[in-house]
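Please read the report below alongside the sequence and the coordinates. Its subject is the fold and a few chosen residues.

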Amino acid sequence: MLTQDDITYMKDAQDEIYELRQRPITFIYLDKQFDPITGLPIGESEQSREVLAVITEIRSTRDMDGGIEYEQGDIKIDVKIELIEDIADKITRAEFDGKTYELLGGDRKGIGKRNRYEYLGREVK
């Protein structure tokens, strides 16, 4: 059984595990604008946010992860929740290493307490 001390230890350990493995990635999301008087949506604009995340480049030709088939050229992104929590539901794409990726899925991960999002990105060609 997990205790609160175990969960705290795992969160602290995540910081150490991520320390030298993180690379910059830019998340692109749509931000809706609302009329200040009526509250109705009046448009949306594309925004971006650069954060540090652990990026795993997929090398195999075909495989499955959580029911999503991925192929060579795809990436897996592990990013801490606190870096994108406010935009997580709005993210549509990511840019990494000069390439653009469509995000196929984003799951909250963590043992005992959700501490990161995991996305699978498919290169847009």
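The text goes from the overall fold to the strand pairings, then to the core, and ends with individual residues.

## Overall fold

The coordinates come from a predicted model, and every value below is computed from it. The protein contains 2 helices and 8 strands, which follow one another along the sequence in the pattern α-β-β-β-β-β-α-β-β-β. Of the 125 residues in the protein, 30% are buried. The exposed area comes to about 8,300 Å², and carbon and sulfur atoms contribute 47% of that area. Among contacts with a separation of 6 or more, 53% join residues that are 24 or more positions apart.

The central arrangement is a barrel that 6 strands close in the order β1-β2-β5-β8-β7-β6, with antiparallel pairing. On average, and with direction ignored, neighbouring strands of this sheet are turned by 40° against each other. Helix α1 packs on the sheet, where it touches β1, β2, β5 and β8, and its direction makes about 130° with that of β5.

## Strand pairings and hairpins

Strands of a sheet pair through backbone hydrogen bonds, either parallel or antiparallel. Three of the pairings in this model are set out in the table, each with one pair of bridge partners.

| Strand pair | Sense | Bridges | One bridge pair |
|---|---|---|---|
| β6 (residues 91-96) and β7 (residues 99-109) | antiparallel | 4 bridges | Phe96 and Lys99 |
| β7 and β8 (residues 116-123) | antiparallel | 8 bridges | Lys109 and Arg116 |
| β5 and β8 | antiparallel | 6 bridges | Val79 and Tyr117 |

Two hairpins go with these pairings. In the hairpin of β6 and β7 there are 2 residues between the strands, and Asp97 in the turn has a positive phi of about 55°. The hairpin of β7 and β8 has 6 residues between its strands, and there Gly110 takes a positive phi near 145°.

## The nonpolar core

The largest nonpolar core has 20 residues, and those with the most contacts inside it are Ile25, Phe27, Ile77, Val79, Ile84, Ile91 and Tyr119. Two or more residues of this core come from each of β1 (22-34), β2 (41-57), β5, α2 (81-84), β6, β7 and β8.

Phe27 illustrates how such a residue is surrounded. Residues up to four places away in sequence being left out, Phe27 touches Ile77, Val79, Ile84, Ile91 and Tyr119, among others, and its contacts also include Val51, Ala94 and Leu103. Polar or charged side chains belong to some of its further partners, including Gln47, Ser48, Arg49 and Arg93.

## Three residues in their surroundings

Is Asp78 buried or exposed? Asp78, which lies in strand β5 (residues 75-80), has a relative accessibility of 9% and therefore counts as buried, the limit being under 20%. Its side chain is joined to that of Arg116 by a polar contact of 3.4 Å. Beyond the residues up to four places away in sequence, Asp78 touches Arg116 together with Tyr18, Ala53, Val54, Tyr117 and Glu118.

Arg23 is part of strand β1, and its relative accessibility of 33% means that Arg23 counts as partly exposed. The side chain of Arg23 reaches the backbone oxygen of Ile55 at 3.1 Å. With neighbours within four places in sequence set aside, Arg23 is in contact with Val51, Leu52, Ala53, Ile55, Glu57 and Phe96. Between Arg23 and Asp97 there are 9.4 Å from C-alpha to C-alpha, although these residues are 74 residues apart in sequence. Asp97 is the residue with positive phi in the turn of the hairpin of β6 and β7.

What does Met10 touch, leaving aside its neighbours within four places in sequence? Met10 sits in helix α1 (residues 4-18) and is in contact with Leu2 and Ile111. Its relative accessibility is 25%, so Met10 counts as partly exposed. Met10 and Gly112 are 102 residues apart in sequence, yet their C-alpha atoms are 8.9 Å apart in space.

Definitions and conventions: Residues are numbered from 1 along each chain as its sequence is written. This is a predicted model: local features need pLDDT of at least 70, side-chain atom pairs count only at pLDDT 80 or more; totals for chains, interfaces and linings use all residues. Side-chain values use heavy atoms; hydrogens and water are left out. Two strands pair if DSSP finds at least two bridges between them. Buried means under 20% relative accessible area, exposed over 50%, partly exposed in between (1.4 Å probe, protein chains only). A polar contact is a pair of N or O atoms within 3.5 Å; within protein, one must be able to donate a hydrogen and the other to accept it, and residues adjacent in sequence count only if both atoms are side-chain atoms. Contact means heavy atoms within 4.5 Å. A nonpolar core is a set of buried Ala, Val, Leu, Ile, Met, Phe, Trp, Tyr and Cys residues joined through side-chain atoms within 4.5 Å. Axes are lines fitted to C-alpha atoms, for helices over the stretch in contact, and angles run from 0 to 180 degrees between N-to-C directions. Accessible areas come from the Shrake-Rupley method with a 1.4 Å probe; for residues, only the protein chains shown count as cover.
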